[in-house]
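User: Please take a single part of this structure and examine it closely. I am new to the structure, so kindly set that part in its context as well.

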Amino acid sequence: MATVDDIPFDENGSEEEGEAMTAAEVLGKLEEAWLNEKFAPELLENKSDIVECMMSQIQEMEENIQRAKKGDFKVSLHRMEIDRIRYILSSYLRIRLKKIEKFTSHLLQTEATLEDPCLSAEELHFAKQYQSLLESHMTNMALKHMPPNLQKLDPKLTSK
Amino acid sequence: MDPSEVEFISEKESISIVPNFSLDKIYLIGGDVGPFNPGLQLDVPLWIAVNLKQRQKCRIIAPDWMDVEILEEKKQEEQESKFFTKMPCDYYMEITQLLLQHAPDNIPKADEIRMLVKDIWDLRIAKLRSSIDIFVKSDVTHAMLNYLTLMELNTVRPFLTKALDHIQQLRNNVSYGAALWSSQD
Amino acid sequence: MSLIRHSLYVGVVEKPPPPPLTEEQYGEMEPKYPEGGHYLSVLRPHGDDCVRQVFEEMRALFEQNQQDVEKALDGAQAEMFPGIRMRHAALERNKRCVLAYVYNRLQKIAQMRWEFGSVLPADIKYNLAEQEVQWFIKYTKCLATYMRSVRAEGGLDLTQDLKPPKSLYIEVRCLMDHGEFETQDGGVILLKKNSQHFLLRSECEHLIRQGVLEHSVH
Amino acid sequence: MSSSHDSRGSQNFEATGDYFSLDDILATQERIPCTFQTEVLNLGYIDPSLDSSNIPKGTKLELPFWLAKALCSRRKQCVTIDLPKHYKEVYRDVFNADANVVDLHKLGPYFYRFGSHLLHFEHPESPDIAKSLLKVFQARFRDIMDASQNAYDQDMSKMTEKLDEMEKVIFFHGQKGLKDLQMWETREGEKIKISEMVINHRKRKRTHLDES
């Protein structure tokens, strides 16, 4: 039976400047990104490679745990670690999502002009959907009932 | 940031334990831990130490700085210095809290330690408040708050960012007003 | 033409913004505050009637302005101009107030998804306009799509893991009869009022947040 | 989440970001003494005391900021404005003497925000107003900070009722920091809690049931 100790470390490390990172290094990067995002008022560049790498680390570890003996003492430590990492991941993505909701139109406007996209592909999709939900609701509830020259949202006023 | 999050970060710190069981190395995502041999001291992350202690699988060794004499000296130094002194550990507050909660039997003179850490904390927070007040009243735009720990900074952070935003706005008003004045001359 | 006396925002968050241009000196408004300047987290009923009144006022202001603009084009520019400007300002102000009202309600409704979960209590729903209920459903979908798209099987539920984990299992007390509950390892337990359980934190966080279970800390 | 760090100058109170802000809507509702420099046809009804269908030239009215601003643009000034009294020199002198005793809430719950908006009119006293706003806050800051950090258990309404809205926000952030720390020290913070909205919803339901 395979044990949880058979996790290969370096195989899944993401590439940065040609050097493979260990899982521990990726985790360190994730923690750094999380704290930076927490303290920055604006949305920072996405780190989706790190997120993806950690997600697959967790997944792999979970699969290994499935195969391990129940009640194994080691297993509980692995599970606790997974819980800790999952907390960082979800807190990190949550902070970003809240910022995206707050600055949607501004972010969508500037995203096109940026060399490195700030939003991940999934976040961009969310932002676009959210923006269109917002706009159509504003139109239906308010703007379309207003006199013709007042039916537009002035992006200069409303995007932050 | 909630203090529980600062504590969460501090739980990564390494701490010595003496296990009473044996187990091979564990390959965690965050790095290897172990092997564990009964009676043999080793370093593990704090969250593991606390977990093992809760299951009565180890004895925790208090960090060097968690010592009445050292802390008394530290307190003295903090009292005498105008500035913040460097703390022996960036997570002194969190680690004290966690160890005194989960392993008071492993910490010599636990109550005295608790008092001393609290005293040092209070001294530093009072200093922090005066520095903030001086900062707000002065015209400088950057403060050097060396040697502050994350937990200390964290207790004033939301409040401070709001206050500084507000001050910044009012300062901008002044320069805006001054610019108007000169353009009218 | 008369400006309609209305009190927009009876339906808004607990702190009512002022009414836009009203008939008598714009109406004195003492905003009532819950502690801390935070808005109450439960929405009052949607102020349909008030909003409709604002739209009517806007229509009236707009029509009057159109007439005045025509007169201005016929040469009465100087006389008409100040009135046009005043009405235009009132129109923009009304627009801003209504939009802020709609927008701030939406923020609260989005927040509800995070706090109540994807099903709203009936009496909360009752306070929402039909379109707001629809918006809640669409937002829920949009969020679900995003959470599913975070790579790995099943995605990542961002509405849980709100606090740093301390232990795998936690002790909980049941605050109400909730019926059977299937645990992650396949077992079934009965969540009966006042019963106590030892559950995986990750499987009962939602139930705690929704007030079915209470987390006991010793 | 952190606040929006705006640092684009005083104009930003009216520029982006604040359009949907209820606080800003309330602040721009504060009134300013205005004198009409032109007659305005058909709008006499906005003030019942006018007793006329038009607003005659020379009429003095207190208009909300948003309206005064629209009538004051550089193109053509329909009204001239006077400073609201608590931004005048007499009051500025009072603030200078001891800003801490002043009840800013009474003087206008949006003392700073409205004051900043006032600069828009480029009144000759604008630079002094701007300086005074900054000084008042600098002088009051210590008390606000200390009160917010010292007395979590005491009844703070005496303190907070004299604060401007912005000061209140700062005060409550301070209180929250202190409360969070205390919760952490007593290990209460570990507890996973019922969400705020669910609590409020339950409370309301209960009072509702009690009433009926």
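Analyst: **Annotated domains and a small sheet**

In an unreviewed UniProt entry, the annotation "domain: GINS subunit" covers residues 70-150 of chain C; such annotations may be inferred rather than shown by experiment, and their positions follow the numbering used here, with feature names shortened. This is a predicted model, in which local features need pLDDT of at least 70 and side-chain atom pairs count only at pLDDT 80 or more, while totals for chains, interfaces and linings use all residues. Residues are numbered from 1 along each chain as its sequence is written, chains are lettered from A and ligands numbered from 1 in the order in which they are written, and side-chain values use heavy atoms, without hydrogens or water.

Residues 70-150 of chain C are 89% helix and 0% strand, with end C-alpha atoms 58 Å apart. Helices (H or I, at least four residues) and strands (E, at least two) are DSSP runs numbered from the N terminus. From an unreviewed UniProt entry also comes "domain: DNA replication complex GINS protein PSF3 N-terminal", for residues 20-72 of chain D. That span is 23% helix and 21% strand, and its end C-alpha atoms are 23 Å apart.

The part chosen for a close look is in chain B, where three strands form an open sheet in the order β4-β1-β5, with antiparallel pairing. Two strands pair if DSSP finds at least two bridges between them. Because β4 (42-45) and β5 (58-60) of chain B stand at the edges with a single partner strand each, one side of each has no neighbour in the sheet. From one strand to the next, the twist averages 50 degrees. Strand β1 (residues 14-19) of chain B runs antiparallel to β5(B), and three bridges join them. Within β5(B), B:Ile60 is the residue opposite B:Ile17.

Helix α2 (residues 46-54) of chain B packs on this sheet and touches β1, β4 and β5 of chain B; contact means heavy atoms within 4.5 Å. The direction of α2 makes about 100 degrees with that of β4(B), where axes are lines fitted to C-alpha atoms, for helices over the stretch in contact, and angles run from 0 to 180 degrees between N-to-C directions.

As for confidence, the model scores ipTM 0.85 and pTM 0.86. Chain D averages a pLDDT of 81, and 87% of its residues score at least 70; pLDDT is the predictor's confidence in each residue, from 0 to 100. Over residues 1-16 of chain D, however, the pLDDT is below 50. Where pLDDT is low, predicted coordinates should not be read in detail.
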